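Biologist: I'm new to this one, so could you take me through a single part of it up close? I'd like to hear about any salt bridge, and about what lies around it.

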Amino acid sequence: MSGGDIAGLIAAGVFAVLVALLAIPVWKLGKVFDELRQAIREISDGTTPLIGEVTTTVSTTNEQLKKVDGISNNVSDASANVSALTSLLSATLGSPLIKVAAFSYGVRSAFNTAGKGAPEGKRRRSR
């Protein structure tokens, strides 16, 4: 064996050790990728039912909002009807009641004045 052959064997040994040392991190990186793939699969498997549940929840919420919209429309119609009825009663009964109240006040004032007689200072003196 010559010096070149020994140098080649040493270089081949060093290269084999270097490949072995680099193979360990690559092998561990492969395991990390396997774990990552498994985690992504689990997330996907868990997310699919959640998306279905969210879709169901949104559908149910939309149905309930339609019902609430119908109820609020009915309440709005009812309040408009009550307002119209109030205006009608006010116009129908308000004016006559005011007139009756004014008439009764006038009659009471007349009876109170008639019962007391004319005031002292305003009596006529007979000559």
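Modeller: Here is a close look at the salt bridge, followed by its setting. Keep in mind that this is a predicted model. A search of the whole structure turns up 1 salt bridge, and the partners are Asp34 and Arg37, whose side chains meet at 3.3 Å, N to O. That counts as a salt bridge because the cut-off is a nitrogen of Lys or Arg within 4 Å of a carboxyl oxygen of Asp or Glu. As a general point, side chains of opposite charge can pair when their charged atoms come close.

Where do Asp34 and Arg37 lie? Both belong to helix α1, which covers residues 3–116, and they are 3 residues apart, about one turn of the helix. The protein's secondary structure amounts to 1 helix and 0 strands.

Now, are the two partners buried or exposed? Asp34 has 40% relative accessibility, so it goes down as partly exposed. Arg37 comes out at 46%, so it is partly exposed too. That fits the wider picture: of the protein's 127 residues, 0% count as buried. In total the protein exposes about 11,400 Å², with carbon and sulfur atoms supplying 67% of that.

Helix α1 also holds Ile6, which is partly exposed because its relative accessible area is 40%. Ile6 joins Met1, Leu9, Ile10 and Val14 in a nonpolar surface patch, with about 550 Å² of accessible area together.

Notes:
Residues are numbered from 1 along each chain as its sequence is written. This is a predicted model: local features need pLDDT of at least 70, side-chain atom pairs count only at pLDDT 80 or more; totals for chains, interfaces and linings use all residues. Side-chain values use heavy atoms; hydrogens and water are left out. Helices (H or I, at least four residues) and strands (E, at least two) are DSSP runs, numbered from the N terminus. Buried means under 20% relative accessible area, exposed over 50%, partly exposed in between (1.4 Å probe, protein chains only). Accessible areas come from the Shrake-Rupley method with a 1.4 Å probe; for residues, only the protein chains shown count as cover. Patches are made of residues with over 30% relative accessible area and no salt bridge: like charges are joined within 9 Å, nonpolar side chains (Val, Leu, Ile, Met, Phe, Trp, Tyr) within 5 Å.
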